[in-house]
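Reader: I am new to this structure. Please take one part and walk me through it closely.

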Amino acid sequence: MIALILAGGALHVSERLIALASEADRMKPVITVEVAIFVNEKAEIMGSYVSSNDGGQAFGNAVKNAMEQWEFEPRLRNGEPPAPRWLVVTWRFRSPYAPPR
């Protein structure tokens, strides 16, 4: 399992994910992955896709799989749940292997 852990505003990527990345991907100072998830009126995730990814397939798949495990609670307005919607989240990973700037 590849873990993505959000701690103090920083995303920590498991060593396994780093190991799966290509040498070129590991050397990028910042890797950006954008994932869209569809949340229904019951706050269930019904679908997702990687909409943008400059870090290789391993990064995109790890972020998408982690986000598919998120859980939401519907925020009711006047007793009614919100309409289903797409949410787009952009992740920026700092590589520990990138050369210093």
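Author: Start with one pair: A36 has Y49 in β4 as its bridge partner. This is a predicted model, where local features need pLDDT of at least 70, side-chain atom pairs count only at pLDDT 80 or more, and totals for chains, interfaces and linings use all residues. Residues are numbered from 1 along each chain as its sequence is written, and side-chain values use heavy atoms, with hydrogens and water left out.

Strands here are DSSP runs (E, at least two residues), and helices likewise (H or I, at least four), numbered from the N terminus. Strands pair if DSSP finds at least two bridges between them.

β3 and β4 (residues 45-53) run antiparallel, joined by seven bridges. They form a hairpin with five residues between them. A43, in the turn, has a positive phi of about 70°. β3 also pairs with β5, again antiparallel, over 10 bridges. There, V30 stands opposite R94 of β5.

β3 is mostly covered. Seven of its 10 residues are buried, meaning under 20% relative accessible area with a 1.4 Å probe, protein chains only.

Now the largest nonpolar core. It has 12 residues, among them I31, V33, F59 and W91. Such a core is a set of buried Ala, Val, Leu, Ile, Met, Phe, Trp, Tyr and Cys residues joined through side-chain atoms within 4.5 Å. β3 (30-39), α3 (57-67) and β5 (85-94) each supply at least two of its residues. β3 gives the most, five.

Turn to α3. F59, G60, A62, V63, A66 and M67 are buried there. Down the helix axis they fall within an arc of 165°, taken from the directions from the axis to the C-beta atoms, so they line one face of α3.

How values were computed: Buried means under 20% relative accessible area, exposed over 50%, partly exposed in between (1.4 Å probe, protein chains only).
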